[in-house]
Amino acid sequence: MVNAKWVAQVGLSILLVSMGCLSDAHAHEQQNAQRIITAGGSLTEIVFALDLGDHVVATDSTSMYPEKARQITKLGYFRQLSSEGVLAQQPTLLLGASATGPSDMIEQVKGAGVDVVIYDVPKNFQGLKQLIEQVGEKLHVSDKAEQLAKVINARVSHEVESFSKQKNAYTSVNNRPVKALFVVSNNDRGLTVAGHNTVPQAMFDLLGIQNGAESLEGYKLINNEAVLQHNPDVIFVAGHMLHGKEALSHLCRHPAIAATFAGKHCLVKAMDSNVALGLSPRFAQGMSAISEHALQALTLKAADETATPARDKAE
């Protein structure tokens, strides 16, 4: 005789498994039906890195990576989107970086039934991992997001370890931190640099590089005296601000920079703005570029220190 209790338990188990399958199928169906707009280069890169680029129907003008993202409809700068332009793409979901707007556009798009999520996370490595996790959860690919975060974490750890080992080879200067600045604009008002709570600061911190603008919050003007006092070994520049072949050499002659170690040796290096200023999955790539040029500065400093005693003796 069949045990009724056993039959009931088996039936419940089958029901639970069936419900789980239905839930997975529903999530998969939702994912396939998505028409996504991404506002912010970081979010676009993350969605593509999660293999969901085919669901992106439009992006903002800062979303130029990967190459496929360049071909997608551009809706303008993410801070200045129009509700008409957004709704014309018939999106189901708008993923926006902090400051996506204006606010009335967001309200109108929400009112039209579009799911809108605006992400505001710290501008550091932890913030990047948090953003990947949140986007993955929203797009029902949490496992992929977790794996992506692990891969990036391993690459970042490798960059930190590699830079530390190579820096220690410069015995004459290895006890002193490399000093740097990150310039985001240069105009009549002066140099605007990356300070605390920015991606450049996060990369500098991980590599043990001293940022001369660390006391500033966000992106701020820095006076010439502060630049001279910090005397950076190397200066990084956001690629979007450079115009013309002579842009970098022109910056080396800037009144505040020319008298610094970086200016004298023209150690002014351009970096991809999306990598250097946003929470990109290419975070480790940005660290690699900083590491490379910081080591170049160390090479020149070590050579200078070796040559100085010889010059003094000759004199």
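1. Contact here means heavy atoms within 4.5 Å. This is a predicted model. By that contact rule, and not counting residues up to four places away in sequence, Leu95 touches Ile36, Ile37, Thr38, Ala39, Leu43, Val47, Val117, Tyr119, Val135, Lys138 and Leu139. Leu95 is a good place to start reading.

2. Leu95 also belongs to the largest nonpolar core, which has 71 residues. Six members touch the most other members: Leu95, Val135, Leu139, Phe182, Ile209 and Phe283. Helix α13, residues 283-314, gives the most to this core. Its share is nine residues. There is also a second, separate core. That one has 14 residues, including Leu75, Val86, Leu94 and Ile106.

3. Next, the strands around β6. Strand β6 covers residues 179-187 and is joined to strand β8, residues 210-211, by two bridges. The two strands run parallel. Lys179 stands opposite Gln210 of β8. On the pairing with β7, the sense changes: β6 and β7, residues 190-194, are antiparallel, with four bridges between them. Asn186 faces Leu191 in that pairing, standing opposite this β7 residue. A hairpin of two residues carries the chain from β6 to β7.

4. Strand β10, residues 234-238, also pairs with β6. Four bridges join them, and they run parallel. Two positions help to locate the pairing on screen. Leu181 has Ile235 of β10 as its bridge partner. Val183 stands opposite Val237 of β10.

5. β10 has a further partner in strand β11, residues 268-271. This pairing is parallel too, again with four bridges. Ile235 appears here as well: its bridge partner in β11 is Val268. Ile235 is thus a useful residue to follow, with Leu181 of β6 as one partner and Val268 of β11 as another.

6. How many residues of β10 are buried? Five of the five are, so the strand is largely enclosed by the rest of the structure. The cut-off for buried is under 20% relative accessible area. In a regular strand, side chains alternate between the two faces of the sheet. In β10, Val234, Phe236 and Ala238 point one way. Ile235 and Val237 point the other way. Both sets are buried.

7. Now the backbone. Most peptide bonds are trans, and most residues other than glycine have a negative phi. A few places in this model depart from that habit. The bond from Tyr65 to Pro66 is cis, with omega near 0 degrees. Pro66 sits in the loop between β2 (56-59) and α3 (67-70). A cis peptide bond also joins Gly101 and Pro102, where omega is about 10 degrees. Pro102 lies in the loop between β4 (93-97) and α5 (103-111).

8. Phi is positive at two residues worth a look. Gln90, a residue other than glycine, has phi near 50 degrees. Its loop runs between α4 (83-87) and β4. Is Gln90 buried or exposed? Its relative accessibility is 59%, so Gln90 counts as exposed; the cut-off for exposed is over 50%.

9. Asn231 has a positive phi as well, near 50 degrees. This residue is found in the loop between α9 (224-230) and β10. At 28% relative accessibility, Asn231 counts as partly exposed. That class lies between the 20% and 50% cut-offs.

10. Last, the pockets. How much space lies in the largest pocket? The volume is about 850 Å³. The lining has 30 residues. Closest to the centre of the pocket are Phe78, Arg79, Lys123, Leu277 and Gly278.

11. Which helix gives the most to the lining of the largest pocket? Helix α2 does, with four residues. Both α2 (41-49) and α12 (273-277) supply at least two residues each. By residue class, the lining divides into twelve nonpolar, 14 polar and four charged residues.

Terms used:
Residues are numbered from 1 along each chain as its sequence is written. This is a predicted model: local features need pLDDT of at least 70, side-chain atom pairs count only at pLDDT 80 or more; totals for chains, interfaces and linings use all residues. Side-chain values use heavy atoms; hydrogens and water are left out. Two strands pair if DSSP finds at least two bridges between them. Buried means under 20% relative accessible area, exposed over 50%, partly exposed in between (1.4 Å probe, protein chains only). A nonpolar core is a set of buried Ala, Val, Leu, Ile, Met, Phe, Trp, Tyr and Cys residues joined through side-chain atoms within 4.5 Å. On a 1 Å grid over the protein atoms alone, a cavity is a set of points where a 1.4 Å probe fits but cannot get out, and a pocket is an open set with protein on both sides within 12 Å along at least five of seven lines; lining residues have an atom within 4 Å of a point. Grid points are joined across faces, edges and corners, and a volume is the space filled by probe spheres set on the points. Ala, Val, Leu, Ile, Met, Phe, Trp, Tyr, Cys and Pro count as nonpolar, Asp, Glu, Lys and Arg as charged, and the others, Gly among them, as polar.
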